[in-house]
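Biologist: I would like to learn how to read a model like this one. Where should we begin?

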Amino acid sequence: MISGLDVILPPHKCVECKGCCVFDKEDLWEIDGIVETVPGGIRSDNPQEFVCVHLGEDGCKLGENKPIECAVYPFRVMRFGNSEIIAVCKFCKAVMDLPLSRVVDFAESKADEFSKLSKANPHIIKEHNQEYVILGRLLR
Ligand code: SF4
């Protein structure tokens, strides 16, 4: 999806964490986007916590068929004023533990890929919010 994402965020780290597949109330805006593309959506035994139905013991059961929003997580293309930006979620511990310069370099080096992906899939472009650190601006 975005080449090299598995280098900066090795899949075993996601399996250990699974945090981006469990949502709290404040994350409902992310679920909206995901539910559009994930038949069955989310399950919840607890009104404060929503778990994606596709989350299994070994991580996402959809593999390469997971929604684009999930495939590019923790990165997002977002609207910020009149610009489109690449941002990274503050709550992805594995990526936030990396030097910020490495994360910024990765985002800058993949700007064309993010741009093409978001042009082809405009629904993945979210409004920026405080949960995401801005890494750079996309040039159109
Ligand atoms: S579709 Fe897969 S990656 Fe996306 S939230 Fe559900 S379990 Fe996680």
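Modeller: This is a predicted model. Let us begin with burial. A residue counts as partly exposed when its number of other C-beta atoms within 10 Å falls between the limits of 12 and 20. Lys 18 has 16 such neighbours, so Lys 18 is partly exposed.

Biologist: What is the sign of phi at Lys 18, and about how large is the angle?

Modeller: Phi is positive there, at about 65°, although Lys 18 is not a glycine. Lys 18 lies in the loop that links helix H2 (11-17) to strand S1 (22-24).

Biologist: Which residues does a cis peptide bond join?

Modeller: Tyr 73 and Pro 74, with omega about 10°. Pro 74 sits in the loop between helix H4 (68-72) and strand S6 (75-80).

Biologist: In which sense do S6 and strand S7 pair, and over how many bridges?

Modeller: They pair in the antiparallel sense, over six bridges; S7 covers residues 83-89. Take one bridge: Phe 75 has Val 88 as its partner in S7. The hairpin of S6 and S7 has two residues between the strands, and Gly 81 there takes a positive phi near 60°.

Biologist: How does S7 pair with strand S9?

Modeller: Again antiparallel, over six bridges, with S9 spanning residues 132-138. Here Ile 86 stands opposite Gly 136.

Biologist: Now the ligand. Which of the 11 residues around the ligand come nearest?

Modeller: Cys 21, Cys 52, His 54, Cys 60 and Cys 70.

Biologist: How do the residues of the shell divide by type?

Modeller: Nine are nonpolar, one is polar and one is charged. Cys counts as nonpolar in this scheme.

Methods
Residues numbered from 1 in each chain as written. Predicted model: local features only at pLDDT ≥ 70, side-chain atom pairs only at ≥ 80, totals over all residues. Helix = DSSP H or I, 4+ residues; strand = E, 2+ residues; numbered from the N terminus. Near = placed C-beta within 6 Å. Pairing = 2+ DSSP bridges.
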